[in-house]
Amino acid sequence: MPDILGLLADEKVQRALAALKARGFNSIDPIVEFNFGVKYPALDGIFSSSEETREVLLLLSGAGILISEIVDNFSICPRCQSHRLMIRTRCPSCGSSRLVRDNMIEHLTCGHIDFEGKFKSEEGLFCPNCRKPLLQAGSDYRTFSFLYKCLNCKSVFSDPKIEYLCDNGHVFGENDLRIYNVMVFKVNPEKKFLIDRLTLNIEDFLKPLIDEGLSVKAPAVIYGRSGARHIFSFAVWRERDAAPSVVGHVHLLERAVGAVDVLAFWAKATDANVEHKIIITFSGVDSDGRSLAEAYGLKIIEGRNEQDIFAEVRSYLKEILGARRLKEALVE
Ligand SMILES: [Zn+2]
Ligand SMILES: [Zn+2]
Ligand SMILES: [Zn+2]
(Lines give C-alpha, C1' and ligand atoms only; values in the text may rest on other atoms or scores of the structure.)
(Ligands and ions follow the chains in the order given, each with its own letter.)
Protein backbone atom coordinates (compact mmCIF):
# COMPACT_ATOMS: atom_id res chain seq x y z
CA MET A 1 0.00 0.00 0.00
CA PRO A 2 1.42 3.41 -0.93
CA ASP A 3 2.25 5.85 1.83
CA ILE A 4 -1.10 7.40 2.74
CA LEU A 5 0.44 10.56 4.17
CA GLY A 6 2.38 11.02 0.96
CA LEU A 7 -0.87 10.61 -0.93
CA LEU A 8 -2.51 13.23 1.25
CA ALA A 9 0.26 15.70 0.52
CA ASP A 10 -1.16 15.74 -3.01
CA GLU A 11 -3.53 18.66 -2.98
CA LYS A 12 -5.73 17.03 -5.62
CA VAL A 13 -6.22 13.99 -3.41
CA GLN A 14 -7.23 16.24 -0.54
CA ARG A 15 -9.77 17.97 -2.77
CA ALA A 16 -11.24 14.65 -3.94
CA LEU A 17 -11.51 13.24 -0.42
CA ALA A 18 -13.07 16.42 0.93
CA ALA A 19 -15.65 16.34 -1.89
CA LEU A 20 -16.46 12.67 -1.29
CA LYS A 21 -16.90 13.31 2.42
CA ALA A 22 -18.97 16.46 1.97
CA ARG A 23 -21.17 14.97 -0.76
CA GLY A 24 -21.51 11.61 0.96
CA PHE A 25 -20.94 9.43 -2.12
CA ASN A 26 -20.11 5.77 -1.65
CA SER A 27 -19.98 5.03 -5.34
CA ILE A 28 -18.41 7.23 -7.99
CA ASP A 29 -20.28 6.27 -11.14
CA PRO A 30 -19.12 7.10 -14.66
CA ILE A 31 -21.14 8.69 -17.41
CA VAL A 32 -19.86 8.10 -20.94
CA GLU A 33 -20.43 11.14 -23.09
CA PHE A 34 -19.04 11.93 -26.53
CA ASN A 35 -17.69 15.39 -25.77
CA PHE A 36 -16.00 14.58 -22.47
CA GLY A 37 -15.33 10.87 -22.71
CA VAL A 38 -15.94 9.73 -19.15
CA LYS A 39 -17.44 12.02 -16.54
CA TYR A 40 -17.82 11.44 -12.82
CA PRO A 41 -20.70 13.64 -11.60
CA ALA A 42 -19.77 12.81 -7.98
CA LEU A 43 -16.65 14.94 -8.51
CA ASP A 44 -18.23 17.57 -10.74
CA GLY A 45 -16.47 20.89 -10.53
CA ILE A 46 -13.56 19.55 -8.46
CA PHE A 47 -11.07 18.97 -11.29
CA SER A 48 -10.45 20.76 -14.53
CA SER A 49 -10.32 17.71 -16.80
CA SER A 50 -11.55 14.14 -16.89
CA GLU A 51 -7.92 12.94 -17.12
CA GLU A 52 -7.15 14.69 -13.84
CA THR A 53 -10.23 13.17 -12.20
CA ARG A 54 -9.27 9.69 -13.37
CA GLU A 55 -5.67 10.15 -12.22
CA VAL A 56 -6.80 11.00 -8.66
CA LEU A 57 -9.37 8.19 -8.58
CA LEU A 58 -6.67 5.72 -9.64
CA LEU A 59 -4.35 7.03 -6.90
CA LEU A 60 -7.09 6.49 -4.32
CA SER A 61 -7.85 2.99 -5.59
CA GLY A 62 -4.12 2.21 -5.59
CA ALA A 63 -4.12 3.15 -1.91
CA GLY A 64 -7.07 0.83 -1.28
CA ILE A 65 -9.43 3.64 -0.28
CA LEU A 66 -11.53 3.09 -3.39
CA ILE A 67 -12.23 -0.17 -5.19
CA SER A 68 -12.36 0.07 -8.98
CA GLU A 69 -14.31 -2.13 -11.35
CA ILE A 70 -14.47 -2.11 -15.16
CA VAL A 71 -18.04 -1.49 -16.31
CA ASP A 72 -17.71 -0.45 -19.95
CA ASN A 73 -15.21 0.33 -22.69
CA PHE A 74 -14.74 2.32 -25.85
CA SER A 75 -12.08 2.50 -28.54
CA ILE A 76 -9.40 5.17 -28.57
CA CYS A 77 -6.55 6.28 -30.81
CA PRO A 78 -3.32 4.39 -29.97
CA ARG A 79 -1.27 7.56 -30.45
CA CYS A 80 -3.19 10.35 -28.72
CA GLN A 81 -5.86 8.40 -26.77
CA SER A 82 -8.62 10.45 -28.37
CA HIS A 83 -12.02 8.77 -28.36
CA ARG A 84 -13.28 11.02 -31.16
CA LEU A 85 -12.92 8.60 -34.06
CA MET A 86 -14.25 8.51 -37.58
CA ILE A 87 -14.67 5.10 -39.22
CA ARG A 88 -13.68 4.73 -42.89
CA THR A 89 -14.16 1.67 -45.10
CA ARG A 90 -11.80 0.68 -47.90
CA CYS A 91 -11.74 -1.97 -50.60
CA PRO A 92 -9.90 -5.06 -49.32
CA SER A 93 -8.57 -5.78 -52.86
CA CYS A 94 -7.34 -2.43 -54.15
CA GLY A 95 -7.53 -0.18 -51.07
CA SER A 96 -9.78 2.36 -52.79
CA SER A 97 -12.20 4.35 -50.66
CA ARG A 98 -14.62 4.76 -53.60
CA LEU A 99 -17.19 2.36 -52.19
CA VAL A 100 -20.96 2.14 -52.35
CA ARG A 101 -23.17 -0.02 -50.17
CA ASP A 102 -26.67 -1.32 -50.98
CA ASN A 103 -28.80 -4.43 -51.41
CA MET A 104 -27.55 -6.72 -54.20
CA ILE A 105 -28.80 -9.53 -56.39
CA GLU A 106 -26.84 -12.45 -57.75
CA HIS A 107 -28.20 -14.02 -60.95
CA LEU A 108 -27.32 -17.68 -60.33
CA THR A 109 -27.86 -18.65 -63.97
CA CYS A 110 -25.09 -16.43 -65.31
CA GLY A 111 -23.31 -15.52 -62.07
CA HIS A 112 -23.75 -11.76 -62.46
CA ILE A 113 -23.93 -9.79 -59.21
CA ASP A 114 -25.04 -6.17 -58.99
CA PHE A 115 -27.20 -3.70 -57.11
CA GLU A 116 -30.90 -4.49 -56.88
CA GLY A 117 -31.75 -1.29 -58.82
CA LYS A 118 -29.84 -2.51 -61.87
CA PHE A 119 -32.19 -5.51 -62.16
CA LYS A 120 -35.43 -3.56 -61.78
CA SER A 121 -37.64 -2.63 -64.74
CA GLU A 122 -41.36 -1.95 -65.25
CA GLU A 123 -41.92 -5.55 -66.37
CA GLY A 124 -40.15 -7.04 -63.37
CA LEU A 125 -36.57 -8.17 -62.62
CA PHE A 126 -34.20 -8.68 -65.58
CA CYS A 127 -30.52 -9.53 -65.50
CA PRO A 128 -28.49 -6.57 -66.88
CA ASN A 129 -25.83 -9.05 -68.04
CA CYS A 130 -27.66 -11.88 -69.85
CA ARG A 131 -31.04 -10.01 -70.22
CA LYS A 132 -32.99 -13.03 -68.93
CA PRO A 133 -35.90 -12.49 -66.52
CA LEU A 134 -35.36 -13.43 -62.90
CA LEU A 135 -38.06 -15.88 -61.97
CA GLN A 136 -37.74 -17.53 -58.61
CA ALA A 137 -35.83 -16.21 -55.60
CA GLY A 138 -33.64 -18.94 -54.16
CA SER A 139 -33.51 -21.10 -57.30
CA ASP A 140 -32.34 -18.77 -60.12
CA TYR A 141 -31.31 -15.71 -58.14
CA ARG A 142 -30.59 -14.67 -54.58
CA THR A 143 -30.56 -11.35 -52.77
CA PHE A 144 -28.01 -9.93 -50.36
CA SER A 145 -28.67 -7.05 -48.03
CA PHE A 146 -25.99 -4.43 -47.84
CA LEU A 147 -22.92 -5.50 -49.71
CA TYR A 148 -20.11 -3.16 -50.68
CA LYS A 149 -19.01 -2.57 -54.22
CA CYS A 150 -15.71 -0.96 -55.11
CA LEU A 151 -16.18 1.62 -57.89
CA ASN A 152 -12.48 1.32 -58.70
CA CYS A 153 -11.88 -2.45 -59.17
CA LYS A 154 -15.61 -3.47 -59.25
CA SER A 155 -15.16 -6.17 -56.61
CA VAL A 156 -18.07 -6.93 -54.29
CA PHE A 157 -17.52 -7.81 -50.64
CA SER A 158 -19.21 -7.87 -47.24
CA ASP A 159 -16.20 -7.14 -45.05
CA PRO A 160 -14.33 -4.03 -46.15
CA LYS A 161 -11.06 -2.96 -44.61
CA ILE A 162 -11.85 -0.70 -41.67
CA GLU A 163 -9.72 2.32 -40.98
CA TYR A 164 -9.99 4.88 -38.18
CA LEU A 165 -9.25 8.58 -38.21
CA CYS A 166 -8.98 10.44 -34.90
CA ASP A 167 -9.67 14.13 -34.43
CA ASN A 168 -5.92 14.75 -34.28
CA GLY A 169 -5.46 13.28 -37.75
CA HIS A 170 -3.98 9.89 -36.79
CA VAL A 171 -4.99 7.05 -39.11
CA PHE A 172 -4.82 3.45 -37.92
CA GLY A 173 -6.29 0.02 -38.55
CA GLU A 174 -8.50 -2.18 -36.43
CA ASN A 175 -5.57 -4.13 -34.99
CA ASP A 176 -4.04 -0.98 -33.54
CA LEU A 177 -7.25 0.20 -31.94
CA ARG A 178 -6.90 0.57 -28.19
CA ILE A 179 -9.55 -0.09 -25.58
CA TYR A 180 -10.27 2.43 -22.86
CA ASN A 181 -11.77 0.84 -19.79
CA VAL A 182 -14.55 2.75 -18.11
CA MET A 183 -14.46 2.22 -14.36
CA VAL A 184 -16.76 2.68 -11.46
CA PHE A 185 -15.04 3.53 -8.16
CA LYS A 186 -16.60 2.47 -4.87
CA VAL A 187 -15.54 3.53 -1.40
CA ASN A 188 -13.92 0.52 0.24
CA PRO A 189 -16.18 -0.05 3.29
CA GLU A 190 -13.17 -1.25 5.27
CA LYS A 191 -11.34 1.99 4.54
CA LYS A 192 -14.22 4.40 5.00
CA PHE A 193 -12.83 5.49 8.38
CA LEU A 194 -9.70 6.60 6.54
CA ILE A 195 -11.64 9.18 4.54
CA ASP A 196 -12.83 10.71 7.79
CA ARG A 197 -9.34 10.73 9.23
CA LEU A 198 -7.69 11.91 6.05
CA THR A 199 -10.10 14.81 5.82
CA LEU A 200 -9.63 15.82 9.45
CA ASN A 201 -9.30 19.54 9.30
CA ILE A 202 -6.30 19.84 11.59
CA GLU A 203 -5.85 23.54 10.88
CA ASP A 204 -9.41 24.12 12.09
CA PHE A 205 -8.74 22.20 15.29
CA LEU A 206 -5.58 24.21 15.91
CA LYS A 207 -7.13 27.56 15.03
CA PRO A 208 -7.02 28.88 18.63
CA LEU A 209 -3.24 28.51 18.48
CA ILE A 210 -3.04 30.27 15.12
CA ASP A 211 -4.98 33.11 16.71
CA GLU A 212 -2.29 33.25 19.34
CA GLY A 213 0.43 33.81 16.83
CA LEU A 214 1.62 30.32 15.87
CA SER A 215 1.79 29.10 12.28
CA VAL A 216 0.25 25.73 11.49
CA LYS A 217 0.42 23.68 8.31
CA ALA A 218 -1.41 20.41 7.78
CA PRO A 219 -0.11 18.41 6.06
CA ALA A 220 3.37 19.89 6.00
CA VAL A 221 6.26 19.10 3.67
CA ILE A 222 9.64 19.72 5.32
CA TYR A 223 13.11 19.09 3.95
CA GLY A 224 15.44 17.43 6.43
CA ARG A 225 19.13 18.10 7.05
CA SER A 226 19.85 15.07 4.87
CA GLY A 227 18.00 16.75 1.99
CA ALA A 228 15.18 14.23 2.19
CA ARG A 229 11.60 15.42 1.75
CA HIS A 230 9.40 14.55 4.71
CA ILE A 231 5.65 14.77 5.01
CA PHE A 232 4.07 15.32 8.42
CA SER A 233 0.38 15.36 9.30
CA PHE A 234 0.99 18.83 10.69
CA ALA A 235 3.76 21.17 11.76
CA VAL A 236 3.73 24.17 14.09
CA TRP A 237 6.11 27.10 13.84
CA ARG A 238 6.97 29.76 16.36
CA GLU A 239 8.93 31.68 13.77
CA ARG A 240 8.08 31.25 10.16
CA ASP A 241 11.60 31.13 8.74
CA ALA A 242 13.01 28.62 11.21
CA ALA A 243 12.49 24.86 11.44
CA PRO A 244 9.09 23.97 12.92
CA SER A 245 8.98 23.68 16.71
CA VAL A 246 6.53 20.79 16.62
CA VAL A 247 5.62 18.13 14.12
CA GLY A 248 2.72 15.75 14.44
CA HIS A 249 1.91 12.38 12.96
CA VAL A 250 -1.70 11.23 12.80
CA HIS A 251 -1.64 7.44 12.78
CA LEU A 252 -4.08 6.44 10.02
CA LEU A 253 -4.05 2.67 10.27
CA GLU A 254 -6.51 0.44 12.08
CA ARG A 255 -3.84 -1.32 14.08
CA ALA A 256 -2.23 0.22 17.14
CA VAL A 257 0.90 2.35 16.85
CA GLY A 258 3.94 0.09 17.11
CA ALA A 259 7.69 0.52 17.61
CA VAL A 260 8.24 0.71 13.84
CA ASP A 261 5.84 3.66 13.52
CA VAL A 262 7.50 5.47 16.41
CA LEU A 263 10.96 4.89 14.99
CA ALA A 264 10.00 6.01 11.47
CA PHE A 265 8.39 9.21 12.76
CA TRP A 266 11.28 9.92 15.15
CA ALA A 267 13.81 9.55 12.31
CA LYS A 268 11.90 11.95 10.02
CA ALA A 269 11.34 14.53 12.76
CA THR A 270 14.97 14.36 13.87
CA ASP A 271 16.21 14.79 10.30
CA ALA A 272 13.85 17.79 10.02
CA ASN A 273 15.51 19.20 13.18
CA VAL A 274 12.26 19.40 15.12
CA GLU A 275 12.33 19.41 18.90
CA HIS A 276 8.78 18.39 19.80
CA LYS A 277 7.19 15.35 18.27
CA ILE A 278 3.58 14.25 18.70
CA ILE A 279 1.93 11.03 17.56
CA ILE A 280 -1.86 11.10 17.46
CA THR A 281 -3.60 7.74 17.42
CA PHE A 282 -7.25 6.71 17.19
CA SER A 283 -6.32 3.04 17.47
CA GLY A 284 -4.09 2.97 20.57
CA VAL A 285 -0.42 2.15 20.93
CA ASP A 286 1.21 -1.17 21.79
CA SER A 287 3.63 -1.58 24.66
CA ASP A 288 6.80 -1.58 22.51
CA GLY A 289 5.61 1.57 20.80
CA ARG A 290 4.90 3.22 24.12
CA SER A 291 8.27 2.41 25.68
CA LEU A 292 10.14 3.53 22.57
CA ALA A 293 8.19 6.80 22.47
CA GLU A 294 9.06 7.40 26.12
CA ALA A 295 12.74 6.63 25.52
CA TYR A 296 12.86 9.03 22.54
CA GLY A 297 10.80 11.76 24.19
CA LEU A 298 7.84 11.52 21.81
CA LYS A 299 4.43 12.56 23.04
CA ILE A 300 1.60 10.15 22.28
CA ILE A 301 -1.95 11.48 22.35
CA GLU A 302 -4.62 8.84 22.02
CA GLY A 303 -8.40 8.70 22.03
CA ARG A 304 -11.41 7.80 19.94
CA ASN A 305 -12.89 11.17 19.40
CA GLU A 306 -11.46 14.01 17.30
CA GLN A 307 -12.70 16.74 19.65
CA ASP A 308 -11.09 15.20 22.74
CA ILE A 309 -7.87 14.39 20.96
CA PHE A 310 -7.39 17.86 19.58
CA ALA A 311 -8.33 19.54 22.87
CA GLU A 312 -5.42 17.60 24.34
CA VAL A 313 -3.17 18.52 21.42
CA ARG A 314 -3.96 22.19 21.94
CA SER A 315 -3.27 22.15 25.63
CA TYR A 316 -0.04 20.21 25.10
CA LEU A 317 1.12 22.69 22.46
CA LYS A 318 0.30 25.63 24.73
CA GLU A 319 2.22 23.97 27.51
CA ILE A 320 5.38 23.36 25.47
CA LEU A 321 5.32 26.50 23.36
CA GLY A 322 3.87 29.04 25.77
CA ALA A 323 1.89 30.48 22.92
CA ARG A 324 0.49 33.46 24.79
CA ARG A 325 3.86 34.64 26.03
CA LEU A 326 5.20 34.19 22.54
CA LYS A 327 2.56 36.49 21.07
CA GLU A 328 3.42 39.17 23.60
CA ALA A 329 7.08 38.80 22.73
CA LEU A 330 6.29 39.23 19.06
CA VAL A 331 4.25 42.40 19.71
CA GLU A 332 7.22 43.97 21.53
ZN1 LIG B 1 -4.90 10.33 -32.44
ZN1 LIG C 1 -27.68 -13.13 -65.88
ZN1 LIG D 1 -11.25 -2.14 -55.25
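**Close-up views of a predicted three-domain chain**

**Figure 1. The largest nonpolar core of the predicted model contains 31 residues.** Phe234, Ala235, Val236, Val246, Val247, Val262 and Ile279 have the most contacts inside this core. A nonpolar core is here a set of buried Ala, Val, Leu, Ile, Met, Phe, Trp, Tyr and Cys residues joined through C-beta atoms within 7 Å. A residue is buried if 20 or more other C-beta atoms lie within 10 Å of its own, exposed if 12 or fewer, and partly exposed in between, with C-beta atoms placed from the backbone. At least two core residues each are supplied by strands E16 (220–223), E18 (234–237), E19 (246–251) and E20 (276–281) and by helices H8 (259–271), H9 (287–296) and H10 (306–321). H10 gives the largest share, four residues. Helices (H or I, at least four residues) and strands (E, at least two) are DSSP runs numbered from the N terminus. In soluble globular proteins, nonpolar side chains tend to be buried together. This is a predicted model, in which local features need pLDDT of at least 70 and side-chain atom pairs count only at pLDDT 80 or more, while totals for chains, interfaces and linings use all residues. Residues are numbered from 1 along each chain as its sequence is written, and chains are lettered from A and ligands numbered from 1 in the order in which they are written.

**Figure 2. Val262 is in contact with residues that include Val257 and Ile279.** Its other partners, leaving aside neighbours within four places in sequence, are Gly289, Leu292, Ala293, Tyr296 and Leu298. Two residues are in contact if their C-beta atoms, placed from the backbone, lie within 7 Å. A second core, separate from the largest one, has 21 residues, among them Leu7, Leu20, Phe185 and Leu194.

**Figure 3. Strand E20 pairs in the parallel sense with E19 and with strand E21 (residues 299–302).** Two strands pair if DSSP finds at least two bridges between them. Six bridges link E19 and E20, and Val246 has His276 as its bridge partner in E20. From E19 the chain crosses through H8 to E20 in a right-handed β-α-β crossover. A crossover is right-handed if, with the strands pointing away from the viewer, the path from the first strand over the helix to the second runs clockwise. Four bridges link E20 and E21, with Ile278 opposite Lys299 in E21. The β-α-β crossover from E20 through H9 to E21 is also right-handed.

**Figure 4. Ile280 lies in strand E20, of which five of the six residues are buried.** Ile280 counts as buried because 25 C-beta neighbours lie inside 10 Å. Not counting residues up to four places away in sequence, Ile280 touches Gly248, His249, Val250, His251, Ile301, Ile309 and Val313. Ser233 is 47 residues from Ile280 in sequence, with a C-alpha to C-alpha separation of 9.5 Å in space.

**Figure 5. An open sheet has four strands in the order E7-E6-E10-E11, with antiparallel pairing.** Strand E7 (112–115) and strand E11 (156–157) stand at the edges with a single partner strand each, so one side of each is left without a neighbour in the sheet. Strand E10 (residues 141–150) and E11 run antiparallel and are joined by two bridges. Tyr148 stands opposite Phe157 in E11.

**Figure 6. Backbone features at Pro219, Gln81 and Lys154 are placed in loops.** Most residues other than glycine have a negative phi, and most peptide bonds are trans. The peptide bond between Ala218 and Pro219 is cis, with omega about -10°; Pro219 belongs to the loop between strand E15 (215–217) and E16. Gln81 has a positive phi, near 65°, and lies between strand E4 (66–76) and strand E5 (85–90). Gln81 is partly exposed, with 13 other C-beta atoms within 10 Å. Lys154, in the loop between E10 and E11, has a positive phi of about 70°. Lys154 is exposed, with 11 other C-beta atoms within 10 Å.
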